[in-house]
Amino acid sequence: MLGDIVSPDLFAAALRMATPLALAAIGGTICERSGVVNIALEGMMLTGAFFGTAVVLATGSPWLGVAGAVVAGVAMASVHAFASINLRADQTVSGTAINLLALGVTGFLMELWYGHPGTTDQIAVLRPIFSFDAPGGGVLPEIWRWLNGIFLSHTPIVYITMAIAVAAQWAVYHTRWGLRLRALGEHPRAADTVGVNVLRGRWVAVLISGGLAGLAGANLTIEQVGSFTENMTNGRGFIALAANIFGRWTPVGSYLASLLFGFADALQIRLQVLRGIVSVPPQFFLMLPYVLTVVVLAGVIGRAVAPAASGVPYRKG
Amino acid sequence: MSEPRSAVPVQRRWMAVLQKVGTPIISAALAIVAGSLIMWASGYDPALAFASLFQGSLGSPKAIGDTVLKSVPLILTGLAVAYGFRAGLFNIGAEGQLFMGALAATALGLTLTGVPWIVTVPLMLVAAMAAGASWAFVPAVLKARIGAHEVITTMMFTYIGRYLVSWLVNGPMKAPGGIPQTHELAINAQLPKIAALFPDSMKQALPILNLGRAHVGIVVALTAAVVIWLILKYTTLGYENRAVGYNRWASETAGISVQWTTVKALCISGSLAGLAGATEVMGVHYRLFDQFSSGFGFTGIAVALLAKNHPLGVIPAAFLFGALAAGAGTMQFQADVPQKIISIIQALVIFFVAAEEIVLWFVRRRQKEAMSHAG
């Protein structure tokens, strides 16, 4: 029974489930580091998921779909950027508007283009990059089976996400751009005084977060599910925000925190095989990631400090 | 908050009122214009769409009844979100508290059989408020004690609550039969329809009383709006709520417990959302099932923002969104426009209210024009 649950597949699924969360969480990190709160990750992810699917349905090319998802995420993000940076709207409220807008636009276009609500047709998906043969018995082959199963069984965006986490960490902490980004979120007035363009810097950060959230949506539809369903993001954008906080506003931290949430998700799916043996209703497993998010926030947040100027619109002059 | 009246010239008071009411009205108008453009660009006929929308929401007593029906939960969730906002808290999870309120009301209503309605109905409403408040309590404490963002926690509690209800209506509370739903509430646990309160002779004389499905929950909702307005305006509780919303540090210095005020604010907010769940179950569906709420908790955010968080402003704002929701079906049927356009219009309303600068730009230009005409 334990063998049914603890297997290479469980950990591979954790990596897979963590990917959209991590992409959105890293986007949230970069956005908040620049001083803009991004509640709209959920909506940007959903928009990316839909337009990614739509492009694949139109062209048949998964990679074009990925590009479409990123562009759609960036487009949604530009709305958030314009509202919260130029118009100095309340960032949380603007984000809520975008989440609702994403729900409405994707649902509306779904009926307009495909003639029905619900779920789209199946699309061409991105396949795992590697496929190695599983060797026979013995200790070494067993280790190989685990490593192969956990790390080498994935689709491209899973690996791209790992690369993005490392690259973003380096960019935020070891480049001039990163130094300026952090300055924008801690003390925009000081950054402005030394000649950093606050509005432009924040725009770039918000657009990057939109692109990453869009990519997260592409991962959901073009790699994991193979079709789009209305509201399929199901709160992942909010869990990603929690992962960003748990990861203390660092890209690699966000990735690792997302792994925890991804593991919870993978575990709840795996645990459902227990249903025949122990009669636990599936709803309790489905609750698990959301409960974990609250527990994690409750446990960690006191010691984590948000960027000082996060959520505060900047008025020049 | 309220300035001494005599000190402010009448004209300036009117200008202030106009500015308060003007932005929401212009925002709503802009959103509807933008919605029309989207319909037009998508190949639909906006004129036909709005005509059928009007017909389905205000075109007949029955349609008006539908608008009232949809407005009831929206007034309550709008109040919930607005009350939180007035303390600087964003209760994005009103939907979850609404589910818990509906659950408590249903559970109690199914238990209290054979008890007169004068006892059951108030008890169910109170139970729903308690359940809604309890669902907001943990996020409230987490916010007050360690600053965990209420947007994330109340959202997570919404998912947890929905799965909890889903389990109950699929399992322990499921009525026999293929559909996952509870037993029907007995008549003593229902909110009666408004039309049923009047004798037929009166309805014949006054056809406007044939309000279709509208139920007396509207009285509950309107009462709640007035009570919240009174609380905010005249009580210490409301004063502290507003003070913390304006400036938590100044409030702390003035001796107000910000933590305790935060907890109270979110719990009161949750209780209002819970009440919305109760009126839906007791007045509309008479039973609980998975999909009984069409996102009233989330639309409540739009209602609160459009009302600029004023408890009485929530009423017209809720009627606007109630009318949109009530007419959406007719619109889809007659003009073929997907109902989702309503979500888009809602989102645009929030957007325009939030990005007030766009709207203020219009207002200022009008003022400038008026001034140049006058001078």
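# A tour of pockets, core and loops

About 1500 Å³ of space lies in the second largest pocket. The model is predicted, so treat each stop as a feature of a prediction.

**Stop 1: the second largest pocket.** Select Leu103(A), Ser293(B), Ser294(B), Gly295(B) and Phe298(B). Of the 45 lining residues, these lie nearest the pocket's centre. Now widen the selection to helices. From chain A, take α3 (41-59) and α5 (91-114); each gives at least two residues to the lining. From chain B, six helices do likewise: α3 (61-86), α4 (94-111), α6 (150-170), α12 (296-306), α13 (314-335) and α14 (341-354). Colour the lining by class. You should get 18 nonpolar, 17 polar and 10 charged residues.

**Stop 2: chain B as a whole.** Hide chain A. What secondary structure does chain B have? It has 15 helices and 0 strands. Its radius of gyration is 22 Å, close to the 21 Å that the globule rule gives for 375 residues, so chain B is as compact as a globular protein of that length. Along the principal axes, the C-alpha atoms of chain B fill a box of roughly 75 × 55 × 45 Å. Of its 375 residues, 54% count as buried. Turn on contacts between residues at least 6 apart in sequence: in chain B, 76% of these join residues at least 24 apart.

**Stop 3: the largest nonpolar core.** In soluble globular proteins, nonpolar side chains tend to be buried together. Select Ile75(B), Leu79(B), Met282(B), Val337(B) and Ile341(B). Within a core of 188 residues, these touch the most other members. Centre on Met282(B). Beyond its neighbours within four places in sequence, Met282(B) contacts Ala105(B), Val121(B), Met124(B) and Leu125(B), and also Leu185(B), Ala189(B), Gln190(B) and Leu191(B).

**Stop 4: the cavity.** Rolling a probe the size of a water molecule over the atoms shows where empty space is left. How many cavities of 30 Å³ or more does the structure hold? There is 1. The largest cavity has about 30 Å³ of space. To frame it, select Ala28(B), Ile32(B), Leu320(B), Phe321(B), Leu324(B), Ile345(B) and Val349(B), which line it. Helices α1 (10-41), α13 and α14 of chain B each give two or more residues to this lining. The most come from α13(B), with 3 residues. The class colours show 7 nonpolar residues, no polar ones and no charged ones.

**Stop 5: a polar residue in a loop.** Go to Gln181(B), in the loop between α6 and α7 (200-205) of chain B. Is Gln181(B) buried or exposed? Its relative accessible area is 18%, so Gln181(B) is buried, the cut-off being under 20%. Show what surrounds it. Leaving aside neighbours within four places in sequence, Gln181(B) is in contact with Val169(B), Met173(B), Lys174(B) and Ala175(B), then with Arg287(B), Leu288(B) and Phe289(B).

**Stop 6: two positive phi angles.** Most residues other than glycine have a negative phi. Bring chain A back and select Arg88(A). This residue is not a glycine, yet its phi is positive, at about 55°. Arg88(A) lies in the loop between α4 (62-86) and α5 of chain A. With 26% relative accessibility, Arg88(A) counts as partly exposed. Finish at Asp336(B), in the loop between α13 and α14 of chain B. Asp336(B) also has a positive phi, near 70°. At 53% relative accessibility, Asp336(B) counts as exposed.

Notes. Residues numbered from 1 in each chain as written. Chains lettered and ligands numbered in written order. Predicted model: local features only at pLDDT ≥ 70, side-chain atom pairs only at ≥ 80, totals over all residues. Heavy atoms only, no water. Core = buried A, V, L, I, M, F, W, Y, C linked by side-chain atoms within 4.5 Å. Buried < 20%, exposed > 50% of the residue type's maximum accessible area, 1.4 Å probe, protein only. Contact = heavy atoms within 4.5 Å. 1 Å grid on protein atoms, 1.4 Å probe; cavity = no way out; pocket = protein on both sides within 12 Å on 5 of 7 lines; lining within 4 Å. Points joined across faces, edges and corners; volume = space filled by probe spheres on them. Helix = DSSP H or I, 4+ residues; strand = E, 2+ residues; numbered from the N terminus. Nonpolar A, V, L, I, M, F, W, Y, C, P; charged D, E, K, R; others polar. Rg over C-alpha atoms; globule rule 2.2 N^0.38 Å.
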